[in-house]
Amino acid sequence: SYFAKLRSLPENMVPISICGKAPNWYTGLQYKKLAPKYGFFMEWKKTHDNDYYIKHFNSEVLDQLNAKTILEELSKMSNNKDIALICYEKPSDFCHRHLVAEWLTKNNIHCEEYQF
């Protein structure tokens, strides 16, 4: 999900930010291992080259991680409750959250965009 819809999440769902820098008002949980790296993120902001972003996000972030370990760490953070991975973009916008969801799904971990 995304920050603008945070208050609409069910009470039993634990939001966890996965962005590089959460809004100043956000005081919830953060998991930086799934955040984009500053260098390629800033380059993408200049060029909006999604293929460049995807290549670098995969090689610099996701390829360095183990999906099972990530799930275990997120589950521990949430006390085994349902989790909403949070960043800024709407579901229709290009976003690393979608890349993370695709990666988790490819690793046999159910992950989908929360529908309000």
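**View 1. Following the chain from end to end, the pattern is β-β-α-α-α-β-α.** Keep in mind that this is a predicted model. Tally up the secondary structure of the protein chain and you get four helices and three strands. The C-alpha trace spans about 40 × 30 × 25 Å along its principal axes. How does the radius of gyration fit with a compact globule? For 116 residues, such a globule would come in near 13 Å, and the protein chain has 14 Å, so the two agree.

**View 2. The three strands make an open sheet, in the order β2-β1-β3.** The pairing here is parallel. Which strands stand at the edges? Those are β2 (29-30) and β3 (82-86); each has a single partner strand, so one side of each goes without a neighbour in the sheet. Helix α3, residues 67-77, packs on this sheet and touches β1, β2 and β3. The direction of α3 makes about 105 degrees with that of β3.

**View 3. Zooming in on β1 and β2, we find two bridges joining the strands.** Strand β1 covers residues 13-17 and runs parallel to β2. Who pairs with whom? Ile16 has Leu29 in β2 as its bridge partner, while Ser17 is matched with Gln30, also in β2.

**View 4. Over on the β3 side, β1 is joined by five bridges.** These two strands run parallel as well. One bridge to pick out is that of Pro15, whose partner in β3 is Ala84.

**View 5. Is β1 mostly covered or mostly open to the outside?** Mostly covered: four of its five residues are buried. In the sheet order, β1 is written between β2 and β3. Helix α3 touches β1 too, along with the other two strands.

**View 6. Stepping back to the protein chain, here is how burial, contacts and surface add up.** Of the 116 residues, 38% are buried. Where do the contacts come from along the sequence? Taking contacts with a separation of 6 or more, 59% are between residues 24 or more positions apart. As for the outside, the protein chain exposes about 7400 Å², and carbon and sulfur atoms supply 49% of that area.

Technical notes: Residues are numbered from 1 along each chain as its sequence is written. This is a predicted model: local features need pLDDT of at least 70, side-chain atom pairs count only at pLDDT 80 or more; totals for chains, interfaces and linings use all residues. Side-chain values use heavy atoms; hydrogens and water are left out. Two strands pair if DSSP finds at least two bridges between them. Contact means heavy atoms within 4.5 Å. Axes are lines fitted to C-alpha atoms, for helices over the stretch in contact, and angles run from 0 to 180 degrees between N-to-C directions. The radius of gyration is taken over C-alpha atoms; the globule rule is 2.2 Å times the number of residues to the power 0.38. Buried means under 20% relative accessible area, exposed over 50%, partly exposed in between (1.4 Å probe, protein chains only). Accessible areas come from the Shrake-Rupley method with a 1.4 Å probe; for residues, only the protein chains shown count as cover.
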